[in-house]
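Work through the following exercises with the sequence and the model in view. Each task is followed by a solution in steps.

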Amino acid sequence: MMLSPDQTDSDHPWAQSDAESVLNDMKVGCISDDPGDGEGRIRTIATQNLTREEKRRRRRATAKYRSAHATRERIRVEAFNVAFAELRKLLPTLPPDKKLSKIEILRLAICYISYLNHVLDV
């Protein structure tokens, strides 16, 4: 690109001394408002060269993603605990209200199922 006589070097982004402002200008130049161009997504030079794993890491680093993930995990753990509580109600123990760990519930369920199979076989 050639400079016209009335245009100075300082009008171009590469003539600026601040590297951050140059990068910002480059990003602004890459923003696409056209809905046909990438479905209206913002594209920057910095994100175009990232690998799939790097993009995933950046997406997971946002507060919104972490909050949503924490909510999903809370719901999952709650459902898991409800399932263990329901299984616990079906298992005979003395005393009936004895607190059991999850592994104890699973082991007791295995023994109880084995016992019921034996009863049906006899």
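**Exercise 1.** Determine how exposed arginine 56 is, and which partner its side chain meets in a salt bridge.

Solution. Step 1: arginine 56 has 25% relative accessibility and therefore counts as partly exposed; the classes are buried under 20% relative accessible area, exposed over 50% and partly exposed in between, with a 1.4 Å probe and protein chains only. Step 2: the model is predicted, so local features need pLDDT of at least 70 and side-chain atom pairs count only at pLDDT 80 or more, whereas totals for chains, interfaces and linings use all residues. Residues are numbered from 1 along each chain as its sequence is written, and side-chain values use heavy atoms, with hydrogens and water left out. Step 3: the partner of arginine 56 is glutamate 53, at 2.8 Å from N to O. A salt bridge requires a side-chain nitrogen of Lys or Arg within 4 Å of a carboxyl oxygen of Asp or Glu. Step 4: both residues belong to helix α3 (residues 52-60), three residues apart, or about one turn of the helix. Helices are DSSP runs (H or I, at least four residues) and strands likewise (E, at least two), numbered from the N terminus.

**Exercise 2.** Establish which residues the salt bridges around Glu53 join into one network, and locate the remaining pair in helix α4.

Solution. Step 1: the whole structure holds three salt bridges. Step 2: glutamate 53, partly exposed at 35% relative accessibility, also pairs with arginine 57, with the closest N and O atoms 3.8 Å apart. Arginine 57 is exposed at 55%, and because the two residues are four apart in helix α3, about one helical turn separates them. Step 3: in helix α4, arginine 76 and glutamate 73 form a salt bridge at 2.8 Å, N to O; they are three residues apart. Arginine 76 is partly exposed at 47%, and glutamate 73 is partly exposed at 33%. Step 4: through shared partners, Glu53, Arg56 and Arg57 form one network.

**Exercise 3.** Arginine 88 has no salt bridge; state whether the residue is buried or exposed, and identify the nearest side chain of opposite charge.

Solution. Step 1: arginine 88 is placed in helix α4. Step 2: arginine 88 is buried, and the nearest oppositely charged side chain, aspartate 97, is 6.6 Å away; Lys and Arg count as positive, Asp and Glu as negative, and His and the chain ends are not counted. Step 3: leaving aside residues up to four places away in sequence, the contacts of arginine 88 include Pro95, Asp97, Leu100 and Ile105, where contact means heavy atoms within 4.5 Å.

**Exercise 4.** Find the aromatic pairs and classify their geometry.

Solution. Step 1: the search of the whole structure yields two aromatic pairs. Rings of Phe, Tyr and Trp (its six-membered ring) pair if their centres lie within 6.5 Å; planes under 30 degrees apart are stacked, over 60 edge-to-face, and the rest tilted. Step 2: phenylalanine 80 and phenylalanine 84 are edge-to-face, 4.9 Å centre to centre with 70 degrees between the planes. Both lie in helix α4 (residues 63-90), four residues apart. Phenylalanine 80 is partly exposed at 40%, whereas phenylalanine 84 is buried at 11%. Step 3: tyrosine 112 and tyrosine 115 are stacked, at 6.5 Å centre to centre and 20 degrees between the planes. These tyrosines are three residues apart in helix α5 (residues 102-121).
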